[in-house]
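Please read the following note alongside the model. It takes up the chain contact, the symmetry, the core and one sheet in turn.

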Number of protein chains: 2
Amino acid sequence: MNRKLSVPGFRAAAVKAGIRKAGDKRDDLALVLCNTLASSAGVFTLNEVRAAPVQITEKRLISGKSRAVLVNAGVANAMTGKDGLRAAKATTGEVARLLKMNRSDVLCASTGVIGVQLPAHKMIRATPALVKKLSPNGFDEFSKAILTTDSAPKVAQIYFKLGARRATLLGIAKGSGMIAPNMATMLAFLFTDVGADSKLLQEILSDVTERTFNRVTVDGDTSTNDTLLIMSSGAAGNMPISAINPAAKTLAKAVEDVCYQLTEKIARDAEGGTKVARVIVRGALSESDAVKVARTIAESPLVKAALHGGDPNWGRIAAAAGRSGAKMDQWNLDIKIGGIPCVKSGTASKQFDEKKVAAAMKKAEVKFEINLNLGQGEASFLACDLSAEYVRINAHYRT
Amino acid sequence: MNRKLSVPGFRAAAVKAGIRKAGDKRDDLALVLCNTLASSAGVFTLNEVRAAPVQITEKRLISGKSRAVLVNAGVANAMTGKDGLRAAKATTGEVARLLKMNRSDVLCASTGVIGVQLPAHKMIRATPALVKKLSPNGFDEFSKAILTTDSAPKVAQIYFKLGARRATLLGIAKGSGMIAPNMATMLAFLFTDVGADSKLLQEILSDVTERTFNRVTVDGDTSTNDTLLIMSSGAAGNMPISAINPAAKTLAKAVEDVCYQLTEKIARDAEGGTKVARVIVRGALSESDAVKVARTIAESPLVKAALHGGDPNWGRIAAAAGRSGAKMDQWNLDIKIGGIPCVKSGTASKQFDEKKVAAAMKKAEVKFEINLNLGQGEASFLACDLSAEYVRINAHYRT
């Protein structure tokens, strides 16, 4: 990023509180503060096992308002029982105390190992320094402090016109392992100066998530901690947008743009991933059938291994489509890889050129097009490949 | 196997027809013949993309009778259109012609690459030699000829009493990659001398499959070719068993024993697999919920990678359970690994001993016990680990 990350009305900071494993020198505690009470909304994991910060933040968002969000990396504070809830309350409470605000206005998110208690004392000890460092230019270090196995920070910032005013939307995400539909171990934070009603923000966020974060898969696993938050400072000075204001569409488009960019960055930074496939399904009886087919192909270990090796094995794409649960007729099935016909009407295409398809499969981004030729349902998914490196990373994460 | 494989009333053989890739010297065409018209039944893949031999064999089994089954390895004859159906008819037709029987009494099964036409001419050319070699002692070579990436033949033979008579049941299977619930790329053949009604055989087979072959997963992928067949020669001389005969239970138990043994062998021979986990789920609201939880854990790439590395990362087991779709309450969740408590009431157990669990995770067979503490539903699943070797095998299967 060449542009400095900043959004009018917000300040950010990060420090090293010692939450990560010994020897890991990265910052691990980060904070964003809004100068005013921000309209806020969130989307959370659908996993039945929900971390303490997810439970607490979801509850605090019922008001539609917040002032700050405290994020830590290293410990997920998941499956930590009542002690975990107490730790999340104590650490957000310390932020509230130092900044003289209500504890219920401080949101929180955690990422890291499951089942280890949050070192609340270390976090509380580091909070004065964290608060002191808050700066309009602190988003860069915020974006680094929240990472775990990510190879690089994931940020997307756009400027857009809202009537005569210039507006800003900044998105910061982390996530590389356990990325799956339903937002596995993904944290993402959106900050904007556009004034907007929290109900509208919630509608936009839920809608956009379905087409962006829920359409990327690394390994099909989902997490206990997934959180996507949006906070609006209103510093742009516009009349706060509600659902009936046409400016809502402009904001929704900006949110979708930023979420889409973050989704792409997550897919490209998949654990051990070396390339991505864009799985495009058309002709399904419904959009939900198209999603089933796209997701099953994107999650298939055999498809992902073939993608990794550049193996033009379209049979695995067909087999994955066939077990997706979507309504289909094998004699209507068409498949293209990199634009080259592989399957026509459920049969190996006469135009199939193994060398050309193998060359297409070796590119950094490969396009799989599947047409069920039954209806109008469409969906697309991003998938990364399955590499030996993925196994190496994930065979020894905890130990 | 020290015991000679054989079943009264059956003969078997295998030859090299040249279906496999050049340089692969293994036999690739195999046949089993019953001396009489055998009561027969089958269970097939639920994949919507179904290979030609699956379509043909399913149709031919409507009669409940068959004389022979022709199996080839190297080419799956899937997604081969009308030419593929013609090839399956021509090759089984040649067996029928030489053995002077109806073509509709010859079943068939194929395994190998998808989308390549079956080399029917090569198979037809090799059929006279194949028929000539038929012998009561040919099952050993049959069991080898049907393998693809398997490291060893998979056979299970048991003898049991049926009243005063001695009965035999022989099972032969292949499958190592793409093994998943719904029987992915698995071929299995059961031969018995017990006389039985084909409807009874079908009932037993469908019931047993649900608890054996459908409860093993290597990678969650399912295939276009999965086939499980049973043929009964009646050579034991018993009064043919029908559903109302109490001997049916004896036969059902024998079928379950053999299928269970074959399932274990498949799991242990998973592509690139080095160890297995037995996932035991209890306390679900229903058996189907228990299956959901067990399957999701067994298929999770993160759980499988942790299993591979011997990493005591029970958080991934909990996260997989949480996204399974089964009804659960995280505060009721208990998890044990190798008998050692890891999670009690949704919280990291105070008895958790990382070193002991790490030691348990390093064994060749690891037990994961999950109790949802909600109801009486139970299920168990066998899962193999995810290794770098799996990726290596599957990144370059076709090329």
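The numbered points below set out what the coordinates show.

1. This is a predicted model, in which local features need pLDDT of at least 70 and side-chain atom pairs count only at pLDDT 80 or more, while totals for chains, interfaces and linings use all residues. Residues are numbered from 1 along each chain as its sequence is written, and chains are lettered from A and ligands numbered from 1 in the order in which they are written.

2. The contact between the chains takes 55 residues from chain B and 55 residues from chain A, two residues being in contact if their C-beta atoms, placed from the backbone, lie within 7 Å. On the side of chain B that touches chain A, the elements giving two or more residues are α8 (301-309), α9 (314-322), β13 (347-348) and α11 (388-395) of chain B, and α9(B) gives the most, with seven residues. Helices (H or I, at least four residues) and strands (E, at least two) are DSSP runs, numbered from the N terminus.

3. A rotation of 180 degrees with 0.0 Å of shift along its axis superposes chain B on chain A, with an RMSD of 0.1 Å, the fit being by least squares on the C-alpha atoms of residues with pLDDT of at least 70 in both copies. The two copies are thus related as by a two-fold rotation axis. Of the residues of chain B, B:Ala388 comes closest to that axis, at 2.1 Å (C-alpha). Because 100% of the interface residues of chain B are also interface residues in chain A, the copies meet through the same surface.

4. Nine of the nine residues of α9(B) are buried, so this helix is largely enclosed by the rest of the structure; a residue is buried if 20 or more other C-beta atoms, placed from the backbone, lie within 10 Å of its own. These buried residues pack against β4 (106-113) of chain A, together with α7 (287-299), α8, β11 (334-337), β12 (340-344) and β14 (365-371) of chain B.

5. Strand β6 (residues 165-174) of chain A has eight of its 10 residues buried, so it is largely enclosed by the rest of the structure. Strand β5 (residues 154-162) of chain A pairs with β6(A) in the antiparallel sense over nine bridges, where pairing requires that DSSP finds at least two bridges between two strands, and A:Val155 stands opposite A:Ile172 in β6(A). Six bridges join β6(A) to strand β7 (residues 187-192) of chain A, again antiparallel, with A:Gly171 opposite A:Leu190 in β7(A).

Note on methods: Buried ≥ 20, exposed ≤ 12 C-beta atoms within 10 Å, placed from the backbone.
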